[in-house]
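Student: Could we go through this structure together? I'd like to understand where the labels come from.

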Amino acid sequence: MTETTPDAVPAAPAKPQVIEAPADRTRRLRVGGVMLVFALIGLGLAAFTKSGKATFQLVSGDLEHNLLGLPAQPVAIVLGILGVGAAVAYILRQVPQRYAGWLAAVLGVAFIGAFLCWASAGKTFPLANQFQGTLNFATPLILGALAGVLCERAGVINIAIEGQFLVGAFTAALVSSTTNSATAALIAAAASGVLMAALLAVFSIKYLVNQVVLGVVLVVFATGITGFLFDQFMQPEAEKLNTPNVLSAVKIPGLADIPFIGPILFNQTILVYLTYLAVAVVTFVLFETRWGLRIRAVGEHPKAADTVGIKVKRIRYSAVLAAGVLAGLGGAFFTVGYAGSFAKEMTAGNGFIALAALIMGRWHPIGAMVAALFFGFATQLQSQLQIIQTPIPGELLLMAPYLATIIAVAGLVGRVRAPKADGEPYVTE
Amino acid sequence: MHLELSGLTKSFGSLVANDHIDLVIEPGEIHCLLGENGAGKSTLMNMLYGLLQPDSGEIVIDGEKVQITSPSDAIKHGIGMVHQHFMLVPVFTVAENIMLGRENVRAGGVLDRKKADALVLELSDRYGFEVDPEALVEDIPVGVQQRVEIIKALTNDARVLILDEPTAVLTPAEIDELIGVMRQLKENGTSIVFITHKLKEVKAIADKITVIRRGKVVGQAEPSASEEELAELMVGRAVDLVVDKEPAEPKDAVLRVEGLTVIDERGFTAVDGVDLEVRAGEILAVAGVQGNGQTELAEALLGLTPIAAGTISLDGRDLTGRSTRQRLDAGIGYVPEDRAHDGFVGSFSVAENLVLDLFREAPFGNGMMLRTDEIEKNAQARVEEFDIRTQGIDQTVSSLSGGNQQKVVLARELSRPLKLLVASQPTRGVDVGSIEFLHSRIVKERDKGTAVLIVSTELDEIAALADRVAVMYRGKVVGVVPADTPRDELGLMMAGASKSEAHEVAIENPTTLGTI
């Protein structure tokens with residue numbers, strides 16, 4: 001036995017200093033550039049803001065009271081300057097890297113604020129409606145993105161969220177129409193989501209089909225089957241089969257009385273409350289439970305999981321099927337949670353937006369929720385602005401959320417690190 | 001625990017990886033499984049650990065025949081394994097990795113992290129490991145990751161611990177510590193199966209040695225056997241462990257590197273202000289533990305990775321910022337570290353791979369067309385010259401053995417007139433017979449007056465080839481020393497000590513391997 005680690009050898013020196021890699025620098029400058037462009041547009045809008053008051057309506061439908069009047073131009077200018085400051089601070093690396101995201105958030109809020117001041121100078125902007133609508137659009141996105149988080153954390157890419165939505169929406173409408181039971185409709189929607197998930201699971205985990213191709217095929221399949229059933233069976237007897245009851249709002253006593261946010265957040269349907277719960281539960285399960293630890297392990301390094309006796313495929317099946325529940329419920333929102341009837345291809349690409357939310361949220365439930373809320377906000381804003389008539393053409397506004405999606409997913413997320421084994425089937429020799 | 005393997009056989013297609021292998025592991029012994037790369041050691045251990053199923057044969061534990069169909073069976077029977085490529089989830093903490101698969105949970109499956117942390121600390125204390133349970137595995141050094149793997153096996157109450165090539169990623173000092181740990185485990189009654197192809201290590205720690213060649217047990221040996229005897233048993237014929245080479249006759253400097261800095265994609269400084277000079281007719285070996293910037297250095301020389309600062313010149317001509325093509329044309333030959341990934345196209349034939357960087361020009365290219373007759377003629381000549389064992393020049397390179405694949409790569413690189421040959425890990429995963437050949441060809445190229453830069457993590461290879469040794473640690477060259485520098489000194493320099501420090505400390509603290 002010999003002595004080791006002599007004194008001359010520096011014992012465990014500090015971690016090597018992190019210097020910005022060339023690629024990071026380029027990314028910072030590129031992202032910073034985009035931020036600066038937005039900030040300058042915000043400032044420009046402020047310059048062109050009409051004088052007068054911008055009025056914000058704080059309670060939905062109440063045009064007399066609860067109004068917030070702001071001097072439009074001064075506020076817009078202050079926000080514009082704040083935005084430019086945030087962009088410049090980002091470019092010059094004035095804050096530690098992990099807070100850089102906050103600068104983007106500051107810029108985003110400042111930009112939207114300046115934009116709203118510009119758009120509603122001399123007019124009344126229904127702010128409460130804006131947030132209400134945000135939540136409506138975001139609810140299915142959150143559920144879909146959470147489903148994606150569960151699948152992809154376990155290493156299965158789920159492109160088929162859109163398909164799960166469609167099937168869920170159809171099933172919920174059908175079951176609600178025939179049974180008049182909200183509970184039955186939601187359970188049936190969840191079950192149909194699981195059924196789609198089962199197809200995804202079997203073909204990707206057992207038969208090792210390319211998961212991206214498989215996902216797209218499943219979406220096409222869902223579009224086809226719901227379209228077929230709708231035309232052949234549902235539409236001819238629409239009065240019996242396509243008249244689901246829209247879920248009624250349930251007021252939570254106390255919480256619903258909080259000014260402004262109370263009625264928005266706590267006077268909602270059971271499905272929205274389930275969504276809040278789902279975010280908390282998925283976060284907790286993934287990071288604090290045995291099942292979650294194993295899900296993350298098989299998504300990162302399935303072989304390591306195998307060598308400690310974990311059944312990789314079984315865990316993956318369980319995660320994909322559980323995610324099916326969430327995606328099915330997300331689909332239900334389109335019919336029983338909102339529209340009140342099923343229409344062909346009514347999910348209109350929301351499943352793919354949910355996928356974008358999942359990536360923008362960096363495969364984290366909370367991040368996915370924030371991203372989904374952002375997309376919901378953008379969609380709602382577009383329809384609000386059409387109502388109050390801004391000088392911007394409606395077509396351009398309709399495009400905005402999707403443009404925002406591309407920008408966000410391409411650059412603003414920073415370095416995106418997917419689960420390492422995402423999309424890779426696990427094959428044992 | 002008394003473990004007996006009898007008649008274990010496993011084939012993959014037509015290849016018999018394990019052919020009726022018998023092996024007995026007595027309680028509390030360190031049993032070395034010695035064999036070349038591809039001899040079938042890992043296959044055997046993967047069967048024991050339940051990752052592979054034997055075609056025939058049986059495993060007997062304490063007199064009882066057992067079926068091991070999955071790793072959980074193996075764990076249940078008290079078998080633990082530390083894999084060559086660590087089975088750790090990089091983005092998990094140490095504690096998470098250790099609890100994975102046997103988590104302590106409270107009601108509802110909620111993880112009991114406190115208990116896991118306590119367990120890590122307890123085992124870490126007992127063996128003097130100093131492992132922080134909260135640290136992310138991707139942030140800790142490889143040597144510590146290995147300890148995490150060992151703790152992982154121990155928390156499963158392993159009574160037989162399989163260590164698959166555990167020293168490949170360690171500095172000599174860390175290897176010494178590992179040897180200490182192995183002895184401590186042995187005292188506690190744990191048996192250890194130690195898989196390696198390194199003779200020095202075998203002699204240092206083994207109680208018993210079993211040699212495997214081409215899937216068969218070819219003999220037992222005592223640790224007192226000489227290295228030559230062990231090598232002969234392992235390879236099947238007498239081997240020259242030392243390359244015949246005359247002292248170098250270096251001329252003018254060919255490669256000049258000044259202040260070379262490379263920042264890797266994670267933002268760490270991989271190569272940190274390196275100055276190097278390689279002269280015509282000499283072999284400069286870059287030594288260091290894997291991951292200290294050697295890979296990036298070699299890639300930067302070829303222009304495969306962008307550099308943050310510094311200059312590279314060849315024969316006085318500035319190559320900084322030139323494309324890889326221009327650098328090759330300037331006379332650099334390159335044997336990449338990961339040959340299967342960067343060195344050849346596996347699905348192409350031997351003949352095609354031999355002209356991968358030559359087909360554009362005459363005689364192999366002719367405007368738009370390839371001249372297949374010339375390509376074939378070239379292939380025949382190279383196959384003969386480099387003793388490439390292939391069924392024909394049309395065989396795909398991926399179907400050759402590691403040694404023959406490497407001969408294809410080296411043959412191609414040496415078929416152009418070179419000023420500088422850069423070879424990264426030229427004999428990694430190559431059988432001893434091919435190592436001899438590859439080494440002698442590299443020396444021959446040096447004798448032709450080519451400047452040669454070798455990157456190697458194997459001290460044996462450094463000793464065999466180098467005229468001068470540059471030791472890298474954390475991206476810096478800590479010193480350039482003569483080839484006859486003692487192993488222990490090199491080892492200390494690989495851990496960051498300067499030349500003079502290393503010299504003093506090495507004399508006072510000889511390591512187990514250094515003294516054999």
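Here we talk through the sheet, the helix packing and the domains.

Tutor: Happy to! Keep in mind that this is a predicted model.

Student: What makes β2 and β3 of chain A edge strands?

Tutor: Begin with the order of the strands: in this open sheet of three it is β2-β1-β3 (chain A), and the pairing is mixed. β2 (67–71) and β3 (124–125) of chain A each have a single partner strand, so one side of each has no neighbour in the sheet.

Student: How do you know that β1 and β3 of chain A pair?

Tutor: Pairing needs at least two bridges between the strands. Strand β1 (residues 53–57) of chain A is joined to β3(A) by two bridges, and the two run parallel. You can look for Phe56(A), which stands opposite Phe125(A) in β3(A).

Student: Now the helices. Why are α4(A) and α14(A) called oblique to each other?

Tutor: Helix α4 (residues 127–153) of chain A and helix α14 (residues 350–360) of chain A cross at roughly 60°, and their axes come within 8 Å. Angles under 35 degrees count as roughly parallel, and 65 to 115 as roughly perpendicular. The crossing falls in neither range, and α4(A) and α14(A) are therefore oblique. Their crossing is right-handed.

Student: What kinds of residues make up the contact of α4(A) with α14(A)?

Tutor: There are nine nonpolar, four polar and one charged. Glu counts as charged, and Glu152(A) of α4(A) is among the residues in this contact.

Student: Why does the word oblique also apply to α14(A) and α15(A)?

Tutor: α14(A) and helix α15 (residues 365–388) of chain A pack at about 130°, with their axes 7 Å apart. Roughly perpendicular ends at 115, and roughly antiparallel needs an angle over 145. The pair α14(A) and α15(A) is therefore oblique. Here too the crossing is right-handed.

Student: What makes the contact of α14(A) with α15(A) nonpolar?

Tutor: Α14(A) brings Ile353(A), Ala354(A), Ala357(A), Leu358(A) and Met360(A), while α15(A) brings Ala368(A), Ala371(A), Ala372(A) and Phe375(A). Ala, Leu, Ile, Met and Phe count as nonpolar, which gives nine nonpolar, no polar and no charged residues.

Student: And how is chain A divided into domains?

Tutor: Domain 1 covers 22–125 and domain 2 covers 128–373. Their C-alpha centres lie 33 Å apart, and the contact takes four residues from each domain. On the side of domain 1 of chain A that touches domain 2, two residues are nonpolar, two are polar and none are charged.

Note on methods: Residues are numbered from 1 along each chain as its sequence is written. Chains are lettered from A and ligands numbered from 1 in the order in which they are written. This is a predicted model: local features need pLDDT of at least 70, side-chain atom pairs count only at pLDDT 80 or more; totals for chains, interfaces and linings use all residues. Helices (H or I, at least four residues) and strands (E, at least two) are DSSP runs, numbered from the N terminus. Axes are lines fitted to C-alpha atoms, for helices over the stretch in contact, and angles run from 0 to 180 degrees between N-to-C directions. A crossing is left-handed if the near helix is turned anticlockwise from the far one by less than a right angle, and right-handed if clockwise. Two residues are in contact if their C-beta atoms, placed from the backbone, lie within 7 Å. Domain bounds come from an automatic or database domain assignment.
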